[in-house]
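The following paragraphs lead the reader through one protein structure, beginning with its strands and then turning to charged pairs, a pocket and a surface patch. Please keep the sequence and the model in view while reading.

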Amino acid sequence: MTATLARGEALKDLEIEVGVLIRRVRRVIGERARAVHPDLLPSSYLMLSYVRDHGPLRASAMCAVFEIDKGAISRQVQHLIDLGLVDRAPDPEDGRATLLSVSEEGVRRLEAVAEQRREQLAERLGDWPVEELQEFAVSLRRYNDALGIPADR
């Protein structure tokens with residue numbers, strides 16, 4: 001097999017496995033959302049996690065990250081506030097704007113779900129040596145960096 005054919009086959013295999021990963025990630029996001037709060041939408045779960053990792057921030061800062069308009073972001077943010085998972089406070093640099101941060105309850109619930117997920121991963125990947133886990137994380141990061149945009153992080 002020529003190097004070009006071998007590379008094409010490898011890319012095809014990668015595409016298949018990434019498709020499997022995407023389907024599983026969608027399922028897991030739904031499960032995590034319900035574990036945080038029974039009424040939490042999967043897309044709102046992703047925003048909640050983003051606010052935890054990057055907040056406090058303005059809702060408009062999420063438009064580019066999630067590739068959705070301000071109106072959709074506003075509805076999702078209001079959903080998170082209504083569930084008691086996100087707090088809104090005046091922006092000290094601009095009194096007309098507000099900053100979002102994850103509430104204490106939101107942090108508590110996210111941490112509980114993350115701990116449960118880490119326990120599941122530890123169980124399911126228990127036969128993977130630490131070196132393999134580290135190599136996989138490095139390869140996945142390299143893959144994500146090659147295909148992503150800075151706002152993805």
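Two strands are said to pair if DSSP finds at least two bridges between them. The model discussed here is a predicted one. Within it, strand β1, residues 86-91, and strand β2 pair in the antiparallel sense, and the pairing extends over 6 bridges. The connection from β1 to β2 is a hairpin through 2 residues. To locate the register of the pairing, one may start from Asp87, which stands opposite Ser101 in β2.

Strand β2 also contributes to the charged contacts of the model. How many salt bridges does the structure hold? The count is 8. One of them joins the side chains of Arg58 and Asp94, with an N to O distance of 3.6 Å. This pair links distant parts of the chain: Arg58 belongs to the loop between α2 (42-54) and α3 (62-66), Asp94 belongs to strand β2 (residues 94-102), and the two are 36 residues apart. Are the two partners buried or exposed? Asp94 has a relative accessibility of 18% and therefore counts as buried, the cut-off for that class being under 20%. Arg58, by contrast, has a relative accessibility of 33%, so that this residue counts as partly exposed. The contact does not stand alone, for Arg58, Asp91, Asp94 and Arg96 are linked in a network of salt bridges.

A second group of charged side chains is found in helix α5, residues 104-124. Here Glu105 meets Arg108 in a salt bridge of 2.6 Å, N to O. Glu105 also forms a salt bridge with Arg109, and the closest N and O atoms of that pair are 2.6 Å apart. Both contacts are made within the helix: Arg108 and Glu105 are 3 residues apart, about one turn, and Glu105 and Arg109 are 4 residues apart, again about one turn. With relative accessibilities of 30% for Glu105, 48% for Arg108 and 24% for Arg109, each of the three counts as partly exposed.

Arg58 appears once more in the description of the second largest pocket. This pocket encloses about 260 Å³ of space. Its lining consists of 14 residues, and those nearest its centre are Arg58, Ala59, Ser60, Ser74 and Thr98. Two elements, α4 (70-82) and β2, give two or more residues to this lining. Which element gives the most to the lining of the second largest pocket? The answer is α4, with 5 residues. Arg58 thus has a place in the salt-bridge network and in the pocket lining, while β2 takes part in the strand pairing and in the pocket lining.

The last feature to consider is nonpolar. Trp128, Leu133 and Phe136 make a nonpolar surface patch of about 270 Å². Of these residues, Phe136 is found in helix α6, residues 130-147. Because its relative accessible area is 46%, Phe136 is classed as partly exposed; the patch analysis admits residues with over 30% relative accessible area and no salt bridge.

Terms used. Residues are numbered from 1 along each chain as its sequence is written. This is a predicted model: local features need pLDDT of at least 70, side-chain atom pairs count only at pLDDT 80 or more; totals for chains, interfaces and linings use all residues. Side-chain values use heavy atoms; hydrogens and water are left out. A salt bridge is a side-chain nitrogen of Lys or Arg within 4 Å of a carboxyl oxygen of Asp or Glu. Buried means under 20% relative accessible area, exposed over 50%, partly exposed in between (1.4 Å probe, protein chains only). Patches are made of residues with over 30% relative accessible area and no salt bridge: like charges are joined within 9 Å, nonpolar side chains (Val, Leu, Ile, Met, Phe, Trp, Tyr) within 5 Å. Accessible areas come from the Shrake-Rupley method with a 1.4 Å probe; for residues, only the protein chains shown count as cover. On a 1 Å grid over the protein atoms alone, a cavity is a set of points where a 1.4 Å probe fits but cannot get out, and a pocket is an open set with protein on both sides within 12 Å along at least five of seven lines; lining residues have an atom within 4 Å of a point. Grid points are joined across faces, edges and corners, and a volume is the space filled by probe spheres set on the points.
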